[in-house]
Amino acid sequence: MPVTRQTPLTELPGVGPARGKKLEKLGLSTLGDTLNHLPQRYEDRRECCALKDAPQERPCCVSLIIAETPRVSYVRRGLSLVKVRGVDGTGSVNITFFNQDYIREVIRAGESYVFFGVVERQGNLFSMTNPVFEREGDGRHTGLIMPVYPLTAGISNNLLAGLTRRAVDDCLDGLPEALPEEVRLAHRLCQTQFARKNIHYPADYEALAIARRRMVFEELFVLTCGLAQLKDRRSAGSGRRISGAPEEFSALLPFAPTAAQRRAMDDISADLRSGKAMNRLVQGDVGSGKTAVAAFGAWAAAKNGIQCALMAPTELLAEQHARTMDALLSPAGVRVALLTGSVKGAEKKALLSALAAGEIDLVVGTHALFSQGVEYRELGLVIADEQHRFGVAQRSALAEKGGAVPPHVLVMSATPIPRTLALIIYGDLDVSVMDELPPGRTPVATFAVGENKRQRMYGFVRKQVAEGRQVYIVCPSVEENGGGWEDGPGMDLKAVTSYARQLQEQVFPDLRVGFVHGKLKPREKEAVMAAFAGGTLDVLVSTTVIEVGVDVPNASLMVVENAERFGLSQLHQLRGRVGRGRHQSYCVLMTASRSETARERLRALCATNDGFQIAEEDLRLRGPGDFFGKRQHGLPQLKVADFAADMELLKEARQAAEELVAEDPALSRPAHGLLREKVRELFEENAELFN
């Protein structure tokens, strides 16, 4: 039957209503949808070998005549074996299929088939287990570069491959171009039909590379067009004019600002005076002094009679910011208040009343700041700490509290990100980089050690506590086998709950050991962190929940168990929990891994305290996921592009997108209609930002 891109999958042979529902879980409803369901990898099934020449431990195709009728045997309940013997001119092979009884009916003696799999050899005996096969000459699953797709339960790769083959064969004619022709030609990109055909069924690896380059460019181009539009619209919005000289503010500080702090304050000052709404990211390494820069913005707003809200990801961090801001700003007459979920009853009522009346200049809090019932007299500046933990939508919800005139937005991140990646992740923001630490801050001495040094490490913990210091010990999981890792011998994965108990009972019975992890109730977690901050615990065993947390200047040692399990940027963040006081601090990375790659990564961390240098290395080794975890940054998920591998193409796409949006900000020209729709689709979770 004739099909189009709009043909429902349930109308195609072999699908039906039940499989149709399963395909919907993959986002596939029509035949055209399958063109966008891209392979996650490929198998080269072009090589056809004689049995005697088959490579060891690598799959290949072999053409065989079936020598006898397949035999079925039932080993035990729930396990059946189908055995068949095939021959070619160089030998015979025994082929075994597990729990595939139907094969007895589809493979016939005397006929030729092509099998794809690993040919195992013991002396002159050959065997194969569960190979892919088809009649010789069919060419649907062998003799080609085969796409391997993301699947769901009940959907096989063969079924999906059949659907995408149908879509590629019958639905590519007339497929519209999303890229403007001048952009496509300027960047030497193939047409969309060629790209779609060869991303699914490449003629060869050169064609696959050409197709992938086009697909990656298009994906990054659409993303950066959307971000450029968002940035353009925000910068076009009028903002309150706020004056305030960084030099005047600096005189209030108990220390001289670094050159990096002064540059960031100059950027903020220029934004606030411009008459346009500020949307700026201050990106600085752990301890670079971002809080003082944020305090400058709050001071300038208060000086002009305008309110400021500072949003932190946890109550503990909000309390810490409130104390710091109050100490810095109250001498200048700035009225600071704290609003979190814990503020209740009469206290909350009085605070909300004062906020609405304009009697509070700076309110510090968690997401409670943009909850229902919180009103501001004139909210003119929003500061978000650890921006990647909020995402675009939450930032916008707080910005809406500013009323008719959008508030200035300043976001801060202590996660160093390579600049090119930052321009995409934070593509809707202007970026100020703080790459300098305040003078007098002693670098944290970092060491990577093996299991043979464990007792020595325990002795060092005891020595630090004896000197009046405190110690963090970070584990990769909460409970035994909590990470689900498949670890080899010697890879004892430390778990917070059991390890804390072991340390208290067997290693440090005379020390005060506590533990904290993300599965604890918020109130329990806050109580333990507060106890550690207050000095009533000597050792805190934790997951990465303390990566962004309370400032404990007395903590001088960070021990990270199974350090090879963490990304470099995450290890650097953890290391930043110590070295905040006047005492020399240390970070000990424990690992039992013998992997040279793992050791290379840990050596890179020991060699430098420069977070941006570490971030570049992390991007090279692990890609961008480590900076944010899963979808934390709020950007749409990419299907083809890899930030680490496609950095040069990313720069090309970004420049082309910015040039196009500068010429046609709303993408309203007829030639840009499909591109405009693709931008909307990609940003559908935040579509209101583009209306």
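## Exercises on buried residues, cores and a helix

At a relative accessibility of 5%, Asn198 counts as buried. The model is a predicted one, and the exercises below concern its helices and cores.

**Exercise 1.** Locate Asn198 and identify its contacts beyond its neighbours within four places in sequence.

*Solution.* Step one is the location: Asn198 lies in helix α5, which spans residues 192–200. Step two is the classification: buried means under 20% relative accessible area, so Asn198, at 5%, is buried. Step three is the surroundings: with neighbours within four places set aside, Asn198 is in contact with Ala203, Ala207, Leu208 and Ala211.

**Exercise 2.** Describe the largest nonpolar core and state which element gives it the largest share.

*Solution.* The largest nonpolar core holds 37 residues, and Phe249, Ile268, Leu329, Leu362 and Ile383 have the most contacts inside it. Elements giving two or more residues to this core include the helices α8 (259–273) and α10 (315–329) and the strands β13 (307–311) and β16 (379–385). The largest share of the core, nine residues, comes from α9. As for Ile268, its contacts, not counting residues up to four places away in sequence, are Met278, Arg280, Val282, Val293, Phe296 and Leu410. A second, separate core has 33 residues, among them Ile199, Leu223, Ala641 and Leu650.

**Exercise 3.** Determine whether Ala300 is buried or exposed, and which residues it touches.

*Solution.* Ala300 belongs to helix α9. Its relative accessible area is 1%, so Ala300 is buried. Although Ala300 and Ser243 are 57 residues apart along the chain, their C-alpha atoms are separated by 6.5 Å. Apart from residues up to four places away in sequence, Ala300 touches Ile242, Ser243, Gly244 and Leu272.

**Exercise 4.** Compare the span of helix α11 with its expected value, then explain why its buried residues are on the same side.

*Solution.* Begin with the span: α11 (residues 345–356) has 12 residues and reaches 17 Å from its first C-alpha to its last, close to the 16 Å expected at 1.5 Å a residue. Next, list the buried residues of α11, which are Leu351, Leu352, Ala354 and Leu355. Because they cover an arc of only 160° around the axis, they are on the same side of α11. On the other side of α11, Gly345, Ala346 and Lys349 are exposed. The cover over the buried residues of α11 includes β13, β14 (336–339) and β15. Finally, α11 is followed by Gly358, which has a positive phi, near 80°.

Key. Residues are numbered from 1 along each chain as its sequence is written. This is a predicted model: local features need pLDDT of at least 70, side-chain atom pairs count only at pLDDT 80 or more; totals for chains, interfaces and linings use all residues. Side-chain values use heavy atoms; hydrogens and water are left out. Buried means under 20% relative accessible area, exposed over 50%, partly exposed in between (1.4 Å probe, protein chains only). Contact means heavy atoms within 4.5 Å. A nonpolar core is a set of buried Ala, Val, Leu, Ile, Met, Phe, Trp, Tyr and Cys residues joined through side-chain atoms within 4.5 Å. The expected span of a helix is 1.5 Å times one less than its number of residues. The arc is that of the directions from the helix axis to the C-beta atoms.
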